[in-house]
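Trainee: I should like to work through some backbone and packing features with you. May we begin once the structure is displayed?

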Amino acid sequence: MASTEIELFGGESIYHVLNELYVTHRCCRHDNILDCKSTVQNRKILVSFESSKSLDSFSLFQQGCKEEFVSYVMMGTLAALDCIHASGNRVHRKINENTVFLDKNCRVKLEFPTRISNPDLEYNAKTLISPFAKEIDIKMVGDLACSLYHGKSQKKKLSEGGRSTLPVLLQDFVNCCVGRSPTISKLMDHALFKQFNEFDRYQQELKELLE
């Protein structure tokens, strides 16, 4: 299992953080979210995640991949994010190749959102998360789609002022992500997922390619 250490804010107690993690984990249980467990060692909180590898660790995604594989990863990521936004009343704030994973069966898994957006506030299910904060998450999904299709080398060229060229459906999907008032429900109904909708086949192909 991979693990990460949780940072405490100011005079924050370990009990407070463990309770926050427990509530978040209870609300954000989903097939496309990494399962995890929390332990305390030497007054430090360690969160251990189920066995999986980040997209950035695979050469396939570093070099750029086919549109159907991008579609597969995007659908899993959006499903996880929908759970985090709706059921978990959270925002993720860090969606990229290092926080989206594939497990041993090549199922898409989004890293667990370990902290709430404002650590000074107790979790309250009635507290509404800003739509703007959710839109930032969705914009990150669009950026990830570009990165997966182009690969690292092309991504660097784009950051230096190059022009992005994407297939028509994928470009429209990205435009919707970064456009005005994007919503996950609309994105999950996008034409990209109607054209490339054989998700079981894409999963099996990835499993064979990455073994």
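Mentor: Let us fix a term before we start: buried means under 20% relative accessible area, exposed means over 50%, and partly exposed lies in between. Please bear in mind that this is a predicted model.

Trainee: Is cysteine 106 buried or exposed?

Mentor: Cysteine 106 sits in the loop that joins S5 to strand S6 (108-110). Its phi is positive, about 65°, although the residue is not a glycine. The relative accessibility of cysteine 106 is 5%, and the limit for the term is under 20%. Cysteine 106 therefore counts as buried.

Trainee: Which class of exposure applies to arginine 93?

Mentor: Arginine 93 belongs to the loop between helix H3 (67-86) and strand S5 (100-103). Its phi, near 80°, is likewise a positive value in a residue other than glycine. With a relative accessible area of 43%, between the 20% and 50% limits, arginine 93 is partly exposed.

Trainee: How are H3 and H8 oriented to each other?

Mentor: The axes of H3 and helix H8 (residues 199-210) come within 10 Å and cross at roughly 110°. Angles of 65 to 115 degrees count as roughly perpendicular. H3 and H8 are therefore roughly perpendicular.

Trainee: How many nonpolar residues does the contact of H3 with H8 have?

Mentor: H3 contributes Glu68, Phe69, Ser71, Tyr72 and Met75, while H8 contributes Phe199, Tyr202, Gln203, Glu205, Leu206 and Leu209. By class, two residues of this contact are polar and two are charged. The number of nonpolar residues is seven.

How values were computed. Residues numbered from 1 in each chain as written. Predicted model: local features only at pLDDT ≥ 70, side-chain atom pairs only at ≥ 80, totals over all residues. Heavy atoms only, no water. Helix = DSSP H or I, 4+ residues; strand = E, 2+ residues; numbered from the N terminus. Buried < 20%, exposed > 50% of the residue type's maximum accessible area, 1.4 Å probe, protein only. Axes fitted to C-alpha atoms, helices over the stretch in contact; angles between N-to-C directions. Parallel < 35°, antiparallel > 145°, perpendicular 65-115°, else oblique. Contact = heavy atoms within 4.5 Å. Nonpolar A, V, L, I, M, F, W, Y, C, P; charged D, E, K, R; others polar.
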